[in-house]
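Me: Please take a close look at one part of this model for me. I would like to know about its largest nonpolar core. Set the scene with the whole chain, then go in.

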Amino acid sequence: SRMADNQKTIAVTHVNIRQSISFLLLKLILIDILTVVALLLFFLLPSSYISMEIKLALFSSGIFYFLGIIVLKTLLSLFTVLQWLCDYYEIWSNKVTHKKGIFWTKKEDHELVDLKYLGFEQGLFGRLLNFGTITLFDWKNEVKATLYLIHNPKKYYQLLQHLVPTLEREEKTILEHSKDKD
């Protein structure tokens with residue numbers, strides 16, 4: 001058939017996984033809320049905490065005060081996004097890698113042959129927003145690695161099961177109220 005002749009394969013060496021974007025959005029919304037609360041508290045606090053002269057001085061040079069708040073909020077938001085972008089996991093055919101750091105990258109490798117345990121946790125909100133946590137135990141280095149609150153965890157849990165079928169496995173989901181051990 002013509003369709004089968006035109007199909008091509010794509011070789012994928014690894015997959016990148018980040019924390020769920022829901023948490024990035026939650027952090028950015030929280031920054032906005034805290035900015036508004038900080039502004040309101042500053043002008044609504046009793047004069048015993050901040051003198052009226054300081055409030056009036058800031059209010060009279062309000063454009064500079066508000067520009068400062070905008071710059072600070074923008075820098076904090078930019079830092080939050082960069083932190084999200086620079087903290088990720090990679091699943092390779094032979095290892096799981098965790099890379100993090102904006103300026104200085106820290107890399108942590110866990111060879112698949114050294115893994116003994118594979119855990120999966122997903123609560124109610126995780127089921128609704130499609131995020132969860134995968135836990136690995138590296139017996140050689142005696143360290144527990146956690147792929148924390150990642151997007152689409154079931155997919156990557158199944159990928160790891162496929163790559164290392166001999167792992168001890170445990171699944172915990174809120175709605176099922178059960179533990180499955182294989």
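Reply: Six helices and nine strands make up the secondary structure of the chain. Keep in mind that this is a predicted model. The chain has 182 residues, and 31% of them count as buried. Now look at contacts with a separation of 6 or more. Residues 24 or more positions apart account for 48% of these.

Go inside. The largest nonpolar core has 18 residues. Four of them touch the most other members: Ile 134, Leu 136, Leu 147 and Leu 160. Several elements give two or more residues to this core. Four are strands: β2 (88–92), β5 (115–122), β6 (131–138) and β7 (143–151). The other is a helix, α6 (153–163).

Take Leu 147 as an example. Set aside its neighbours within four places in sequence. Leu 147 is then in contact with Ile 17, Tyr 89, Val 96, Gly 132, Thr 133, Ile 134 and Leu 136. Two of these partners, Ile 134 and Leu 136, are also among the residues that touch the most other core members.

Now step outside for a contrast. The chain exposes about 12,600 Å². Carbon and sulfur atoms supply 65% of that area. One nonpolar surface patch covers about 530 Å². Ile 21, Leu 25, Ile 29, Ile 33, Val 37 and Leu 41 make this patch. Leu 41 lies in helix α2, which spans residues 21–44. Why is Leu 41 not part of the core? A core residue must be buried, which means under 20% relative accessible area. Leu 41 has 47%, so it counts as partly exposed.

Technical notes:
Residues are numbered from 1 along each chain as its sequence is written. This is a predicted model: local features need pLDDT of at least 70, side-chain atom pairs count only at pLDDT 80 or more; totals for chains, interfaces and linings use all residues. Side-chain values use heavy atoms; hydrogens and water are left out. A nonpolar core is a set of buried Ala, Val, Leu, Ile, Met, Phe, Trp, Tyr and Cys residues joined through side-chain atoms within 4.5 Å. Buried means under 20% relative accessible area, exposed over 50%, partly exposed in between (1.4 Å probe, protein chains only). Contact means heavy atoms within 4.5 Å. Patches are made of residues with over 30% relative accessible area and no salt bridge: like charges are joined within 9 Å, nonpolar side chains (Val, Leu, Ile, Met, Phe, Trp, Tyr) within 5 Å. Accessible areas come from the Shrake-Rupley method with a 1.4 Å probe; for residues, only the protein chains shown count as cover. A salt bridge is a side-chain nitrogen of Lys or Arg within 4 Å of a carboxyl oxygen of Asp or Glu.
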